[in-house]
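Q: Can you walk me through this one? I'd like to start with the pocket and then go on to the core and a few single residues.

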Amino acid sequence: MTNTEIAAVFQDIADLLERKKDSRFKIRAYQRTADYIKDWPVEMKQLTREGRLKEIPGVREATSKKITELVASGSLEYYEKFKAEFTEVKK
C-alpha cells in the first residue's frame, strides 16, 4: 500500500470515531497520523522493513502494528471490524 492509501485508512478510522462520538483526543490522534503518513517523504513499506516507523511523530507500538499490518496484507482487521459496526447499524 502507498502512503496515501494508508493515510486514507487512518482518516477513515478518525471519521468513524467521530461518528461514534469517541474521544476527541483519539480522533485527533488518528487525523494527525493520517496527515503525517500522507506527507511522509519515505514509503511506509520501507520504514516497516527497516523498523523505523516510530520516527513518525505520534507513532507508537499500536499504530506501528496497524501500519505494519496494512503494509503486509493490504488490509487492517481493526478497520474492517469497525466499518462493519456501521454497516450493520444501517441494515
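**Pocket, core and single residues**

Q: Which element gives the largest share of the lining of the largest pocket?
A: H2 does, with 7 residues. Helices here are DSSP runs of H or I with at least four residues, strands are runs of E with at least two, and both are numbered from the N terminus.

Q: What should I know about the model before going on?
A: This is a predicted model, where local features need pLDDT of at least 70 and side-chain atom pairs count only at pLDDT 80 or more, while totals for chains, interfaces and linings use all residues. Residues are numbered from 1 along each chain as its sequence is written, and side-chain values use heavy atoms, with hydrogens and water left out.

Q: OK. How much space lies in the largest pocket?
A: About 290 Å³. A pocket is an open set of points on a 1 Å grid over the protein atoms alone, where a 1.4 Å probe fits, with protein on both sides within 12 Å along at least five of seven lines; lining residues have an atom within 4 Å of a point. The volume is the space filled by probe spheres set on the points, which are joined across faces, edges and corners.

Q: Which lining residues are closest to its centre?
A: Ala29, Thr33, Gly58, Arg60 and Thr63, out of 14 that line the largest pocket. The elements giving two or more residues to that lining are helix H2 (24-39) and helix H4 (61-73).

Q: And by class?
A: The lining has 7 nonpolar, 3 polar and 4 charged residues. Ala, Val, Leu, Ile, Met, Phe, Trp, Tyr, Cys and Pro count as nonpolar, Asp, Glu, Lys and Arg as charged, and the others, Gly among them, as polar.

Q: Thr33 is on that list. Is Thr33 buried or exposed?
A: Thr33 is buried, at 7% relative accessible area. The cut-offs are under 20% for buried, over 50% for exposed and partly exposed in between, with a 1.4 Å probe and protein chains only. Beyond its neighbours within four places in sequence, Thr33 is in contact (heavy atoms within 4.5 Å) with Phe10, Val59 and Thr63.

Q: Next, the core. How many residues does the largest nonpolar core have?
A: The count is 25, and those with the most contacts inside this core are Ile6, Phe10, Ile13, Ile37, Met44, Leu53 and Ile67. Such a core is a set of buried Ala, Val, Leu, Ile, Met, Phe, Trp, Tyr and Cys residues joined through side-chain atoms within 4.5 Å.

Q: Which element gives the most to this core?
A: H1, with 8 residues.

Q: What does Ile6 touch?
A: Leaving out neighbours within four places in sequence, Ile6 is in contact with Met1, Ile37, Met44, Leu70 and Val71.

Q: How about Asn3?
A: Asn3 is in helix H1 and is buried, at 3% relative accessible area. A polar atom of the Asn3 side chain lies 2.7 Å from the backbone nitrogen of Met44.

Q: Any odd backbone angle?
A: Lys21 is not a glycine, yet has a positive phi of about 65 degrees. Most residues other than glycine have a negative phi. Lys21 sits in the loop between H1 and H2 and is exposed, at 72% relative accessible area.

Q: Last one: how far apart are Gln46 and Val71 in space?
A: They are 9.5 Å apart, C-alpha to C-alpha, and 25 residues apart in sequence. Gln46 lies in helix H3 and counts as partly exposed, at 31% relative accessibility.

How values were computed:
A polar contact is a pair of N or O atoms within 3.5 Å; within protein, one must be able to donate a hydrogen and the other to accept it, and residues adjacent in sequence count only if both atoms are side-chain atoms.
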